[in-house]
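Visitor: I am new to this structure. Would you kindly guide me through some of its details?

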Amino acid sequence: MGLLGHCILLFLFTFTVGLDFDQGVNSRGQSVFVRKSKIEQGVETVKRSLSEWLAPQKHKINRRNADQEDTCKALQGYVAKLADNTHSYAFNDLSGSVSLAWVGDGTGVILALTTFQVPFFMLRFGQSKLYRSEDYGKTFDDVTNLINNTFIGAEFGIAIGPENSGKVILTGDVSGGTGGRSRLFLSSDFGNHFSYQPLPFIPLMQITYNPHDSNVLMVISNNNELWLSENFGENWKKIHDMVCLVKWGMKNTIFFTTNNNGSCNERGMLDLRRTTDYGKTVKTVASKIFSFGLGGRFLFASVMTGKGTLRMIHVSVDQGEVWNMAQLPPVGHEQFYSILAANNDMVFMHVDEPGDTEFGTIYVSDDRGTVYSKSLERHLYTTTGGDTDFTNVTSLRGVFITSILAEDDSVQSVVSFDQGGEWLPLLKPANFKCDATSKDPDKCSLHIHAAYSTAMRVNVPMLPLTEPNAVGLIIAHGSVGDPISVIKPDVYVSDDGGYTWLKALKGPHHYAILDSGGLIVAVEHSTTQPIHQIKFSTDEGQCWGVYNFTKEPIHFTGLASEPGARSMNVSIWGYRESIISQYWVSVTIDFRELLTRDCDDKDYVQWLAHSDDISDPKDGCMLGYKERFLRLRKDSVCWNGRDYQVNTQPTPCPCTLDDFLCDFGYYRKENSSECVEQPDLKGQVLEFCLHGKEEQLQTKGYRKIPGDKCEGGEMPERKEIDLSKKCVSDLLSPELLSESHTSKSVPIVVTVVIVMLLSVVGGAFFIKKYVCGGRFLVHRYSVLQQHAEANGIDGVDEPLDTNHIQNGKREFHDDSDEDLLE
């Protein structure tokens, strides 16, 4: 993966953070740490029915089953091997939170920062300790002396540098700094040594690295000043005053919004500015900005139209030089836009419906990000909490799972196997009876629990989990019935990207993928009882071994494994109680000795994705080509290894209607694959503005799915005719697009109630709370963007980066009018 930084933070309270846009990320949950002193309230079961418009499955696919007796026999004799490779470590301090950070890919280096703090009026008092492990958490050394016993604010966590830089940044507590300033502790050798560096400002957010140069750092101060360092924090220069939001663009490009009036609260009055030389020159590329975001090669701006409170999306593919208005409905002050996923080929955009409906419509763009087609109506996305179940299944190309809010207000799961072209129900496991919510015990669907379920306080400790290097594998909590059920959920596993499912574990569990899918581990979730067992499977969830990892049960808080699913080590985190205190405990199990041999050629079998018959030349075509993978046999108990690479053989397919979306102005009716005209646009001339010219669209209702690689075959006619008319949107005030030097205006101190948690590539966070008078730990777990490996070969396909985090909420969404464009 080449990922250096993987952060996990056990923080001090649950909260929702508000800002213009959300940071784009893809779903890569590993573990959850929760320490509780009260039993969560249950939720009443509501009987609902399956919506009629959910179409039947087109594909009839059977699971890749092995003889379960053979795979279970292969696991015998494991107790002694695991006992010799189980390591326990107790953190003997009174810390209320623990932050974990994996430093490097495959280095085994983990930093653990324990934090104890007590607020007192406007001040806070606390203590931090820093621990370092070089063996994946089996042992730790107390290295607190490296940071001079300084209190490190948990809200900024541990900032790990991109790629394999070995860089680490810890931000010292503001109140301890000289003259009210902060201080940094910097390491360039994977946390072996730290140097001290005072800051000329107080940071408002976590310091971020340039993804392409880890020596270049950027941060906004509490006075809304933008600061930058080009030598890893040794020297800092102020780039601009009154900066509201900042993001790294391509290479050395920085985009930020600013307001000369001195307030970031004046939505729709912000300027979007760009610098490509670290602040030597600054150019205003757009004005009247409500918010902005980046996704793939696209730059998005939500712009006030000047007509009341309406906003519209504008898109640029050249870093803000030329803008086009997206063919999307405008939104009012009570609505929002949200980018669900994006890459260089296309964008999934959610547009909220007017009113507090709790749903909206998913639109899918063309390869310019300008022309959009309806993909899914009544898409569940709450306005107040920012909860959406939209999940990018990174283990198989083109697959997405989300939830709809049906006409009877029931929540139902749907899946798309063709990148949003068509949405279908999930098949229930074969020979599996439906639950009590079903009208017919034999006719129902599988429904996946995700962010909405956690928001409704259903007992779901983890969201769906997939990994790009574990082909076809999905692990998720679910229920089988007409709608999604709040009855105690079970764990289901799919080994073919969501076509078929197996009930793997009864009741809620925490789970993790190891060895590129060759090993799955799980721990039962209990809110009341301490635990002492871990479960594991070497056949993708068919057969499970159970291992007692301790004689002294611990109050379990979660699993922690190195992100990327290549490690063989997993840590079980929790705490033990004594009469007068509680203390953190980490039990690390190395499963390498369980898999006694390396995998060789005979352990792999050819598998055709999106197909059940590998010999059928017409079967398996998806997005224009077939993909054959070499996958581990279910009955092979062997080690894939850290160097394992996904082996795929793509074959192009002739074009059919399956390779096309409904074009602009068209949509698919319920239970139909035919594209028909939208009633409100029927008979109208379809015109839109592109690159300053008015274009007329002549279409039979279909356009090719962006990224589809089909060749020849059926090609519906589609033309864009230049009408030779100029069309310029005045929404971006082009007269303001002038080159200028960095602003030298007098700094204006503004109190902005914002808390930002930004991670470098590969960050993951765990959050909890300490309350005086006892330890009550509340959980909020997020996973920020990581550069996932492509499922296909270079040049064939690019994975979509999704915009949701592991608790399912948009990182900065706390109001219904937030636009979440990255």
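The following exchange concerns aromatic rings and a sheet.

Guide: This is a predicted model, in which local features need pLDDT of at least 70, side-chain atom pairs count only at pLDDT 80 or more, and totals for chains, interfaces and linings use all residues. Residues are numbered from 1 along each chain as its sequence is written, and side-chain values use heavy atoms, with hydrogens and water left out.

Visitor: How many aromatic pairs does a search of the whole structure find?

Guide: Rings of Phe, Tyr and Trp (its six-membered ring) pair if their centres lie within 6.5 Å; planes under 30 degrees apart count as stacked, over 60 as edge-to-face and the rest as tilted. The search of the whole structure yields 21 aromatic pairs.

Visitor: Which kind of pair do Tyr89 and Phe91 form?

Guide: The ring centres of Tyr89 and Phe91 are 4.9 Å apart. Their planes stand at 70 degrees, and the pair is edge-to-face.

Visitor: How many residues apart are Phe91 and Trp573?

Guide: Phe91 and Trp573 form a stacked pair, 5.3 Å centre to centre with 25 degrees between the planes. Strands are DSSP runs (E, at least two residues), numbered from the N terminus. Phe91 belongs to strand S2 and Trp573 to strand S39, and the pair links distant parts of the chain, 482 residues apart.

Visitor: Which residue in S36 is the bridge partner of Ile520?

Guide: Two strands pair if DSSP finds at least two bridges between them. Three bridges join strand S35 (residues 519–524) to the antiparallel strand S36 (residues 533–537). In S36, Ile520 has as its bridge partner Ser537.

How values were computed
Helices (H or I, at least four residues) and strands (E, at least two) are DSSP runs, numbered from the N terminus.
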